[in-house]
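The following exercises are to be worked through with the sequence and the coordinates at hand. Each task is followed by a stepwise solution.

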Amino acid sequence: MKRADSSPLTAHGLVPRTDSAFCIPLRRSLQSAICILHSAIILGLFAICSLLTIGCPRSPLPRPGGIVSLVPSVTEIIYALGQESQLTGNTTYCDYPEDAKRIYKVGDFSNPNVERIMRLKPKLVFATLPEQQTAVAKLEQMGVRVFISRPSDFDSLFREIRAIGASLGAASQADSLVRAVQTRLAQVTEPEHRLKVYLEIAEQPLMTVGASSLINEIIERAGGENVFGDVAKEYPVVSQEQVITRNPDVIFLLHPMWDRSQFSRRLGWREINAVKFGQVRDDVNPDIVFRSGPRVADAVETIAQCLRHAVSVHDT
Amino acid sequence: MTRSRSAPGNQTLRWLLLLLLLGVAALLSLSIGPTGFSLSNASVLANLRLPRLLLGVAAGGVLAFSGTALQGLLGNPLVDPYTLGVANGAALGTTLGVVLGNPAGISTPLLAIAGAMVTLLAVYAIAQTGGKVTKTGLVLSGVIVGFFLSGLVMLLMVFARRPLDQTIYLLMGNLDIVLTPTRLWLLIASGVAVLGALAWLYGFARSLNIMATNEEVAETLGVNTQSTTRTVFALSSLLVGISVAFTGVISFVGLVVPHLARLIFGPDHARTMPAAFLLGACLLLLADILARLTTPVLPLSVVTAFLGVPFFIYLFRTR
């Protein structure tokens, strides 16, 4: 038996340590590997932070007294109302319409930078809860007027568009925008019969939309029935077996990771009507579904079109 | 369970009861679906419930088994398989896989296993001073590396725009993994590796018994404590890394099931290690059954804690 290193003699330095020839180089290379890894991580973090803080804003600071939108859907509403000249700041998530990308960025959706907002001296900030709780609390503490946008269904969305219009001095534009969206919604051709819809927003774990989500109403207005419409939670986590038992006729994949060809390889999912009839859709733009702005009309029209197509496939 | 510690007659009875419990849990796991008791069809049984059952047995068993080995090795009742930081490495790998994309493939579990391996080496290298590792050194190094890595996980999640809900489920355990043929093969290969590692680790049961009494005595009795420490640490970490790669971090099982096993079967590692495996498997299967009955489903760690704690308090108080 080899003399172990922890014997009392070694511990007191009376006998030279018996590091094996294998151990020392391994340990040294490990230590240097860790050093390199560590510095790489720190450098990476530094790069990310500097990109976030000094990446975009080389342009001069906009004039004070404008409005700041921390919510991509509100940014879309402001543009639809034609009030973009008042918009002096938004987030890196605000990418529609194209012009919104050129507005001064105050951070991203989940981490808006309060200091950058304050530099703009805004008269009004649009935010949402619960994601922006911290920023909202700080802004209100500093006496900034904050408008919370959190529509849970179409009626509250319309009320919100009118309220945003009123706060920007564009009440009549808001009125006609709401009417335009409502007209488009009224003209949507529903499929001949209601199909069961499963809408997947994440795979690990499986996540879908429940009754308290505005997306639930998008599905219903498009003439579909959300198979998890009985669950109150906004974005419930569900099990594979629950999806299979509820047997949806159409599946919408709203996360970019899976496409329909990979989807058909899921074990145990072939029983589902949607898979049997090839009605797994990966071609719907998630932004029009997730952003509760004027483009909800696009979302309802697109989903209704998919459902009408599915009805024709199911019937033949 | 009875109070007498090692009456040989009772011992057999306890093993039988334990196996019976596992059998019942397995049957329940196969026959309970989202709508309650239903045998469902062959496809659901073969493609969903059977893999879920096997995954539950493996994950619960492995966590409890390596937890027992580590508590024995480090002589510390508060150690669990996650203390040594490897789970955080695996979680970082998982997060990286999810953030980078391609979750339909096998890159996510592979990244998780790679993360566990790198963490294992890092923890060991940091703990090692002057060619040897101490117990305290391992625990400290594991805890520190673990904190650093969980910081990185949160950082990734924040920058990748993930909803907090997803992070919670991703990190708090889920046996409901979407299988594709490729993932199934990876799972089977990992299963073989796990079996090998379990058998190897079980071979250290006697050394662990001796080391638990006194390390210097162990040396004179011919136990190479350094190499035992190294191998037990590496094997347990490997096992836990693989388990986290597939099921996420399921808490409680690896910490308290070893105590349960010792309360029931006494301190001999040759008995407590397999007993902990069976108990861990039972607990996780039962927890998984409860977790899947609700819509939305619950994170597993929530249920394991609710199930295990009262049982543990009962056993502890009646001792």
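**Exercise 1: The surroundings of helix 8 of chain A**

In this predicted model, the buried residues of helix 8 of chain A pack against helix 6 (154-167), strand 5 (195-200), strand 6 (224-226), helix 12 (286-290) and helix 13 (296-315) of chain A.

Task: Determine how many residues of helix 8 of chain A are buried, and describe what lies at its N-terminal end and just after it.

Solution.
Step 1. Count the covered positions. Six of the eight residues of helix 8 of chain A are buried, and the helix is thus mostly covered.
Step 2. Name them. The buried residues are A:Leu214, A:Ile215, A:Asn216, A:Glu217, A:Ile218 and A:Ile219.
Step 3. Inspect the N-terminal end. A:Ser213 caps it, with a side-chain oxygen 3.0 Å from the backbone nitrogen of A:Ile215.
Step 4. Inspect the residues that follow. Just after the helix, A:Gly223 takes a positive phi of about 90°.

**Exercise 2: A polar residue in helix 8 of chain A**

Task: Decide whether A:Asn216 is buried or exposed, and identify the partner of its side chain.

Solution.
Step 1. Locate the residue. A:Asn216 belongs to helix 8 (residues 214-221) of chain A.
Step 2. Apply the cut-off. A residue is buried under 20% relative accessible area; A:Asn216 has 6% relative accessibility and therefore counts as buried.
Step 3. Find the polar partner. The side chain of A:Asn216 makes a polar contact with the side chain of A:Asn226 at 2.9 Å.
Step 4. List the other contacts. With neighbours within four places in sequence left aside, A:Asn216 is in contact with A:Gly210, A:Ala211 and A:Gly229, as well as with A:Asn226.

**Exercise 3: Backbone geometry in the loops**

Task: For the peptide bonds from A:Tyr96 to A:Pro97 and from A:Leu129 to A:Pro130, state whether each is cis or trans. Then examine the phi angles of A:Asn247 and B:Phe252.

Solution.
Step 1. Read omega for the two bonds. The bond from A:Tyr96 to A:Pro97 is cis, with omega near -10°, and the bond from A:Leu129 to A:Pro130 is cis, with omega near 5°.
Step 2. Place the prolines. A:Pro97 lies in the loop between strand 2 (87-89) and helix 4 (114-119) of chain A, while A:Pro130 lies in the loop between strand 3 (124-127) and helix 5 (133-141) of chain A.
Step 3. Treat A:Asn247. Although not a glycine, A:Asn247 has a positive phi of about 45°. A:Asn247 sits in the loop between helix 9 (240-246) and strand 7 (250-253) of chain A. Its relative accessible area is 21%, so A:Asn247 is partly exposed.
Step 4. Treat B:Phe252. B:Phe252 is not a glycine either, and has a positive phi of about 80°. B:Phe252 is found in the loop between helix 10 and helix 11 (253-265) of chain B. Its relative accessibility is 12%, so B:Phe252 counts as buried.

**Exercise 4: The largest cavity**

Task: State how many cavities of 30 Å³ or more the structure holds, and describe the lining of the largest cavity by residue class and by element.

Solution.
Step 1. Count and size. There are three cavities of 30 Å³ or more, and the largest contains about 280 Å³ of space.
Step 2. Identify the lining. It consists of 23 residues, of which A:Gln204, B:Ile177, B:Ala245, B:Phe246 and B:Thr247 lie nearest the centre of the cavity.
Step 3. Assign elements. Those giving two or more residues to this lining are helix 3 (86-100), helix 4 (107-127), helix 6 (164-172) and helix 10 (225-247) of chain B. Helix 10 of chain B gives the most, with four residues.
Step 4. Sort by class. The lining has 14 nonpolar, six polar and three charged residues.

**Exercise 5: Cysteines and disulfides**

Task: State how many disulfides the structure holds, and decide whether A:Cys306 and B:Cys282 are buried or exposed.

Solution.
Step 1. Count the disulfides. Over all chains, the structure holds zero.
Step 2. Compare each cysteine with the cut-off for burial, under 20% relative accessible area. A:Cys306, at 4% relative accessibility, counts as buried. B:Cys282, with a relative accessible area of 2%, is buried.

Notes. Residues numbered from 1 in each chain as written. Chains lettered and ligands numbered in written order. Predicted model: local features only at pLDDT ≥ 70, side-chain atom pairs only at ≥ 80, totals over all residues. Heavy atoms only, no water. Disulfide = S-S within 2.5 Å. Buried < 20%, exposed > 50% of the residue type's maximum accessible area, 1.4 Å probe, protein only. 1 Å grid on protein atoms, 1.4 Å probe; cavity = no way out; pocket = protein on both sides within 12 Å on 5 of 7 lines; lining within 4 Å. Points joined across faces, edges and corners; volume = space filled by probe spheres on them. Nonpolar A, V, L, I, M, F, W, Y, C, P; charged D, E, K, R; others polar. Polar contact = N/O pair within 3.5 Å; in protein donor to acceptor, adjacent residues only side chain to side chain. Contact = heavy atoms within 4.5 Å.
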